[in-house]
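User: I should like to learn how to read selected features of a structural model. Please take me through them in turn.

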Amino acid sequence: MKLLEGKVAIITGAARGIGEAVALKFAEQGAHIAFSYVSDSSADKAAALVEKLNALGVKAKAYKSNAADYVACESFVNEVIAEFNQIDICVNNAGISKDNLLLRMTPEQWNDVIQVNLNSVFNMTKQVIKPMMKAKNGSIINMSSVIGEMGNAGQSSYAASKAGVIGFTKSIAKELGSRNVRCNAIAPGFVETDMTSYLNDGDGADKYKSLIPLGKFASGEDIANVCLFLASNLSSYVTGQTISACGGMNI
Ligand code: NAI
């Protein structure tokens, strides 16, 4: 029996990285997938992912939609409901970093990160809870970060956005628990994606790996497995939690 048979999942920013791994994992477990990507340069990757998902025997569709734009999220979710009839799972995955020491950080850099990483979670969650409340069923999964728990020099905007996601997650869990809509967050450590590709320059990777008890970075699939747990009924009594998937670097 597949864990997500017949469920519909909506995922933001899934043309690559963790989002792509989550889409593939969910599809392997029988979920139909609607996902967004933001830039024209991702269109080919998005189309290739749709093909891979279809090959797994599920329905899949890519939408060009900016998760940081409230009105765009409203249209995105409405189009998905019209096409797929329901939304059971929402993964708020889209995220960026614009790292800088506070002394050098510009208001634009700060605002961009908050807009994409935190406001997008509000934009999407506000829309998806409508069908979920009606169905008295839903799982919302927000991508936070170990940096949101620990902070990091040079990452104040990223840390603030990801800490904000954790507070939002707990509040929504309290608001919607009685409707059987669960809301949880994942706090990954370093994951090998485009976002962290700079770590492989020079000896940066070894320095960071020495801080991680498991001694390695995560793969997208490592994080997708945690997502699968939170999306499925295996976590039916889990809400408002932040699951750290950081190889132990927060201990
Ligand atoms: P990535 O850069 O490979 O992928 C991020 C995706 O989000 C891209 O496809 C990008 O186009 C999309 N995106 C960016 N802005 C968007 C917007 N406004 N609307 C829609 N899509 C947008 O990064 P990765 O590593 O896959 O990150 C996924 C999530 O995981 C992010 O929220 C990130 O902050 C978080 N994360 C990543 C970690 C890592 O080490 N890679 C660690 C902890 C958290």
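User: Let us begin with the backbone. In which loop is K136 found?

Analyst: Please note that this is a predicted model. K136 is found in the loop between α4 (107–135) and β5 (138–143).

User: How should the phi of K136 be read, and what is its value?

Analyst: The general idea is that most residues other than glycine have a negative phi. In this structure, phi of K136 is near 50°, a positive value in a residue other than glycine. N180 likewise has a positive phi, near 60°, and this residue is placed in the loop between α6 and β6 (181–188).

User: How many aromatic pairs does a search of the whole structure find, and how is one described?

Analyst: A pair of aromatic rings is described by the distance of the centres and the angle of the planes. The search of the whole structure yields 4 aromatic pairs. In one of them, the ring centres of Y63 and F76 are 5.2 Å apart with planes at 55°, so this pair is tilted. Y63 belongs to strand β3 (residues 60–64) and F76 to helix α3 (residues 70–84), so the pair ties together parts that are 13 residues apart in sequence.

User: Turning to the ligand, which residues around the ligand come nearest?

Analyst: The ligand has 27 residues around it, of which R16, N93, Y158, V191 and T193 come nearest. By class, this shell comprises 13 nonpolar, 11 polar and 3 charged residues. Helices α1 (17–28) and α6 (156–176) each contribute at least two residues to the shell.

User: Which polar atoms of the protein lie by oxygen atoms of the ligand, and at what distances?

Analyst: A ligand oxygen is 2.7 Å from an N or O atom in the side chain of R16. For the side chain of Y158, the corresponding distance from a ligand oxygen to an N or O atom is 2.6 Å. At G189, a polar backbone atom is 3.3 Å from an oxygen atom of the ligand.

User: How much of the ligand's accessible area does the protein cover?

Analyst: The protein covers 95% of the 820 Å² of accessible area that the ligand has on its own. The space that the ligand takes is the largest pocket.

Conventions:
Residues are numbered from 1 along each chain as its sequence is written. This is a predicted model: local features need pLDDT of at least 70, side-chain atom pairs count only at pLDDT 80 or more; totals for chains, interfaces and linings use all residues. Side-chain values use heavy atoms; hydrogens and water are left out. A residue is near a molecule or strand if one of its heavy atoms lies within 4 Å of it. A polar contact is a pair of N or O atoms within 3.5 Å; within protein, one must be able to donate a hydrogen and the other to accept it, and residues adjacent in sequence count only if both atoms are side-chain atoms. Accessible areas come from the Shrake-Rupley method with a 1.4 Å probe; for residues, only the protein chains shown count as cover. On a 1 Å grid over the protein atoms alone, a cavity is a set of points where a 1.4 Å probe fits but cannot get out, and a pocket is an open set with protein on both sides within 12 Å along at least five of seven lines; lining residues have an atom within 4 Å of a point. A molecule sits in a cavity or pocket if more than half of its atoms lie within 2 Å of its grid points. Helices (H or I, at least four residues) and strands (E, at least two) are DSSP runs, numbered from the N terminus. Ala, Val, Leu, Ile, Met, Phe, Trp, Tyr, Cys and Pro count as nonpolar, Asp, Glu, Lys and Arg as charged, and the others, Gly among them, as polar. Rings of Phe, Tyr and Trp (its six-membered ring) pair if their centres lie within 6.5 Å; planes under 30 degrees apart count as stacked, over 60 as edge-to-face and the rest as tilted.
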